[in-house]
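Please walk me through this structure. I would like to see how its parts fit together, from the inside outwards.

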Amino acid sequence: MAITLERILISDPVDDVCANLLRSAGLEVRQKNKLTQEQLIQELQDVEALIVRSETKVRADILAAAPKLRVVGRAGTGVDNIDVEAATKKGIIVLNTPGGNSISACELTCALIVALARNVTSGCQSLKEGRWDRKLYTGEELSGKTLAVLGLGRIGREVAARMKGFGMRIVGFDPIVTAEAAAAIGIEKMDLPQIWPVADYVTVHTPLIPQTKNLINEDTLNKCKPGVKIVNVARGGIVDEKALHAALKDGRCGGAALDVWTEEPPKSEWLYDLIKHPKVIATPHLGASTVEAQKRVAVEMAEQIISLAKPGEAIPGVVNAPVLSALRIPSNAAWISLGRDLGNLVGRLYKGHSLSGVSVDIVTSGLDALSFMRTAVSAGVMAGRTENGLNLINAVLLANEAGVKINQTHEPNSSQPIVTIKVTGKISHTVSGTTRGGESWLLSLDDANFTSGVALGPNTLLFQGTNADVDCPNVIGALVKNDVMVTNMAVARGKSAVWIAVQTHSTVISPEIGGLKTY
Ligand SMILES: NC(=O)c1ccc[n+]([C@@H]2O[C@H](COP(=O)([O-])OP(=O)(O)OC[C@H]3O[C@@H](n4cnc5c(N)ncnc54)[C@H](O)[C@@H]3O)[C@@H](O)[C@H]2O)c1
Ligand SMILES: O=C(O)[C@H](O)COP(=O)(O)O
């Protein structure tokens, strides 16, 4: 699967190296900044790709108003400024550059922890204002103190490694990191209730998701050591800003360093009150703002966009289409077509019926697991059933929205490479197929086997009967009468039905031919 792009809009301050690389690859690039929503929509009318940082808000209404958009690239990590679900629904790929700015965000976090411990910013401000307040800004050593790292991903674990160098004890929590894995990098994994009473400093490094919204809140601040210090270089909203402000005012919290905000830029007076609190170090989302990180994410984004046009090349930062990399490997192409063709056959067998409540169970046997098969089958099942620009990015989502449950399992021990689909609902059928010479072949339909298989594609018509001796001549008669050119025909006999597969020159399948229902 190759995606060819011609025009690209960069709507945030991304390092020029991104535009330069894209232009060298023959793409047309426009660079704009601080566009209003109307201007953004205007600019999006003729572009296939949009590259942003965190300033441009790529909402569903913006995506809906961008007729040609196929890719949204985030030169950075967090994609919370992009409506990923709406993009997926529209078949738009969302890319990011995970890891390109992790070290920079980690280093800012470490700098803020040290600055909090030693009152660096307030001491500096006081001296600039003409005071010499050495006693007032007496700090504390980090050595021997406990740092809690919440979120042990790319940034959290780098912070832990560096702060260990200051002699801090590091405790941490992450739902997907085991105690053993944490111990291997010098972190004592604890559950959150154990963490609150032991931490002198708490730094958060999670995405902002429902489970992490207000992770640091009134209740958790009450469970912390009096005077605990809080650091947030992850996302505004992981720390409840109002609860933090209250805790700063009454001393439950001894200081906070915040790089990210629920409003960026902050507008509300209450948020400015927090920013101005003497024990708060506030930075304007500077975590990724280093020369090195900006060059790295700009290059990584340009390279990913350029790679989209080259099937076979890996795209490391695909956010919303985990199967995209597999789909891009040329040797998978025939299996993707098979999945689509079998799914399409399922859709044809359900012609005239709603798919709501239908279960589609896919089994891949004797092959690699072919994780993309669910996507390919969904695209086939949904063909002709959605107005929504169906493609391999949105197929599963659109199938789910139509009420279809699609499961995939794998049987590695089978000798033959076969894909079997069992569809259960108002109508139940089982179809199986394989690939030969790059083409899709139908092997069976319910209990009827096509002895040598039959090529399956958009020009394969299926007729259902009960008695081959009667039905075959009828089918041939109807095709001849209606001038349908037949190139091949195969019959499969089952216990209750006979299936006649006919290959024709036409790719338009009429619902019936000569009074005989077609599938
Ligand atoms: N301030 C900046 O400029 C800046 C720069 C880069 C990244 N970030 C932000 O930093 C955060 C971390 O980035 P990353 O690259 O390390 O992400 P990551 O995906 O590598 O790590 C995040 C970790 O959080 C864990 N997690 C999820 N839910 C959790 C929960 N309820 N409790 C504890 N841990 C949980 C995940 O399992 C994962 O290991 C993100 O929010 C990202 O957007 C900010
Ligand atoms: O998620 C990120 O990559 C950081 O928050 C950086 O955002 P920025 O590119 O807007 O600086």
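Beyond its neighbours within four places in sequence, Ile-51 is in contact with Ile-8, Ile-10, Val-14, Cys-18, Gly-73, Ala-75 and Met-301. The model in which these contacts are found is a predicted one. Ile-51 also belongs to the largest nonpolar core, which has 145 residues. Together with Ile-8, Leu-50 and Val-360, Ile-51 is among the residues with the most contacts inside that core. Helix α5 gives the most to this core, with nine residues. In soluble globular proteins, nonpolar side chains tend to be buried together.

The domain assignment divides the protein chain into four parts. Domain 1 is made of two segments, 7-99 and 292-320, while domain 2 covers 101-282. Domain 3 runs over 322-445 and domain 4 over 454-518. The UniProt record, in an unreviewed entry, places "domain: D-isomer specific 2-hydroxyacid dehydrogenase catalytic" at residues 8-316. That span is 37% helix and 16% strand, and its end C-alpha atoms lie 20 Å apart. UniProt also has, again from an unreviewed entry, "domain: D-isomer specific 2-hydroxyacid dehydrogenase NAD-binding" at residues 111-287. Residues 111-287 are 34% helix and 17% strand, with 11 Å between the end C-alpha atoms.

Two ligands are considered next. Ligand 1 is surrounded by 30 residues, and the closest are Gly-78, Gly-151, Gly-153, Ile-155 and Gly-287. The elements that give two or more residues to this shell are α5 (102-118) and α7 (154-164). Of the elements, α7 gives the most, with three residues. By class, the shell around ligand 1 holds 13 nonpolar, 13 polar and four charged residues.

Around ligand 2 the residues are Arg-53, Ser-54, Gly-76, Thr-77, Gly-78, Asn-101, His-285, Gly-287, Ala-288 and Ser-289. Eight residues of this shell are polar, one is nonpolar and one is charged. Gly-78 and Gly-287 are listed around ligand 2, and both are also among the closest residues to ligand 1.

Several loops have backbone features to look at. Glu-264 and Pro-265 are joined by a cis peptide bond, with omega at about -5 degrees. Pro-265 sits in the loop between β11 (253-258) and α12 (269-276). Asn-214, a residue other than glycine, has a positive phi, near 55 degrees. The loop that holds Asn-214 is the one between β9 (201-204) and α10 (218-223). How enclosed is Asn-214? Because 16 other C-beta atoms lie within 10 Å, Asn-214 is partly exposed.

Another loop residue, Asp-133, lies between α6 (120-128) and β6 (146-150). Asp-133 has 13 C-beta neighbours inside 10 Å and so counts as partly exposed. Its C-alpha atom is 9.9 Å from that of Ser-122, and the two residues are eleven apart in sequence.

Why is helix α16 described as largely enclosed by the rest of the structure? Ten of the ten residues of α16 (residues 373-382) are buried, so the helix is largely enclosed. The buried residues include Met-373, Arg-374, Thr-375 and Met-382. What covers them includes two helices, α15 and α17 (395-401), and the strands β13 (359-365), β14 (405-411) and β15 (418-424). After α16 comes Gly-384, with a positive phi near 75 degrees.

The contact between domain 3 and domain 4 comes last. The centres of these domains, taken over C-alpha atoms, are separated by 23 Å. Nine residues of domain 3 are in contact with seven residues of domain 4. On the domain 3 side, the elements that give two or more residues are α15 (333-349) and β17 (439-445). Strand β17 gives the most, with six residues. The residues on this side of domain 3 divide into four nonpolar, three polar and two charged.

Asp-446 lies in the loop between β17 and β18 (448-455). Although Asp-446 is not a glycine, its phi is positive, about 55 degrees. With 19 other C-beta atoms within 10 Å, Asp-446 is partly exposed.

Note on methods. Residues are numbered from 1 along each chain as its sequence is written. Chains are lettered from A and ligands numbered from 1 in the order in which they are written. This is a predicted model: local features need pLDDT of at least 70, side-chain atom pairs count only at pLDDT 80 or more; totals for chains, interfaces and linings use all residues. A residue is near a molecule or strand if its C-beta atom, placed from the backbone, lies within 6 Å of it. Ala, Val, Leu, Ile, Met, Phe, Trp, Tyr, Cys and Pro count as nonpolar, Asp, Glu, Lys and Arg as charged, and the others, Gly among them, as polar. Domain bounds come from an automatic or database domain assignment. Helices (H or I, at least four residues) and strands (E, at least two) are DSSP runs, numbered from the N terminus. UniProt positions are given in the numbering used here, feature names are shortened, and annotations may be inferred rather than shown by experiment. A nonpolar core is a set of buried Ala, Val, Leu, Ile, Met, Phe, Trp, Tyr and Cys residues joined through C-beta atoms within 7 Å. A residue is buried if 20 or more other C-beta atoms lie within 10 Å of its own, exposed if 12 or fewer, and partly exposed in between; C-beta atoms are placed from the backbone.
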